[in-house]
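Me: I'd like to learn how to read a few features off a model. Could we go through it piece by piece?

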Amino acid sequence: MMNLRAPRHPSIFYRPIEPSDLEVLVKIHGDLFPIRYEIEFFHNVVHGRDIVSWGAVDRNRPDGQNDELIGFVTARIIMAKETTSLIREVIKFGSSMPNGRAVYLHVISYNNSAIHLYQKMSFHCVRRLHDFYYINGRHYDAYLFIYYVNGGRSPCSPLELVTLLMTYIRRGLKLVSARVWKKGEKNGPPKRVKYRDKGSLLPKTESMRSITTEGGETDDHV
């Protein structure tokens, strides 16, 4: 009978990933990374389609599953210029979609070479994603980069929205003021009524009116 309390020393062995590892591979990837990959990616891994992969197993497991994956690594080797070309192809594909507005990617915060490449290709960093990656028992931040296509733009922040609203209000007030001023100029200044000092033109009333002439005299008319 096996003593489960006895100290156990793992015996790590590395081997190529095989098609029989597909289910465990998907589970481990889902447990370790917050990113969900298409199933086609995992099929390419287990069948070695343009991807170099290795798995780690513990040959000293007491449960009889000494050939089950406990870890893995995948890599794809391409030339740097091919990397740029691949990104441009993705941008080209995104631009060809009528409803496409942006191509986005995320990169771990310490990958300065990749960050420099994306910035050089006119990607814009729009957000820092805290604790996005979980690798070897430690969380790492990531940066979200976006390349806008087909007239896409970043949604307005609250501050930008208020600024935009104030701009429209100012423009509206200027437009109203201009229209009022233009209407006033069109109608012209208010006309003044002039009275000539002639008795025949003065209205007759039953009450006495007093009009002061230029000489300072007062004429009373009944």
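Reply: Sure, let's start with charge pairs. Side chains of opposite charge can pair when their charged atoms come close. Here Asp67 and Arg15 meet through their side chains in a salt bridge, at 3.1 Å from N to O; the rule asks for a side-chain nitrogen of Lys or Arg within 4 Å of a carboxyl oxygen of Asp or Glu. Arg15 sits in strand β1 and Asp67 in the loop between β2 and β3, so the pair ties together parts that are 52 residues apart in sequence. Strands (E, at least two residues) and helices (H or I, at least four) are DSSP runs, numbered from the N terminus.

Me: Before we go on, what should I know about the model and the numbering?

Reply: This is a predicted model, where local features need pLDDT of at least 70 and side-chain atom pairs count only at pLDDT 80 or more, while totals for chains, interfaces and linings use all residues. Residues are numbered from 1 along each chain as its sequence is written, and side-chain values use heavy atoms, with hydrogens and water left out.

Me: Is Arg15 buried or exposed?

Reply: Arg15 is buried, at 6% relative accessible area (buried is under 20%, exposed over 50%, partly exposed in between, with a 1.4 Å probe and protein chains only). Asp67 is partly exposed at 36%. Arg15 also forms a salt bridge with Asp21, with the closest N and O atoms 2.9 Å apart, and Asp21 is buried at 6% too. Add Arg59, and you have a network of salt bridges linking Arg15, Asp21, Arg59 and Asp67.

Me: How many salt bridges are there by this rule?

Reply: Six. One of them joins Arg128 to Asp141, with 2.9 Å between the closest N and O atoms. Arg128 lies in strand β5 and Asp141 in strand β6, so parts 13 residues apart in sequence are tied together. Arg128 is partly exposed at 37%, whereas Asp141 is buried at 14%.

Me: And how do I read the sheet around those strands?

Reply: Strands of a sheet pair through backbone hydrogen bonds, either parallel or antiparallel. In this model, an open sheet of three strands has the order β4-β6-β5, with antiparallel pairing; two strands pair if DSSP finds at least two bridges between them. The edge strands, β4 (102-108) and β5 (124-135), each pair on one side only. β5 and β6 (residues 138-148) pair over eight bridges, and Arg128 stands opposite Tyr143 in β6.
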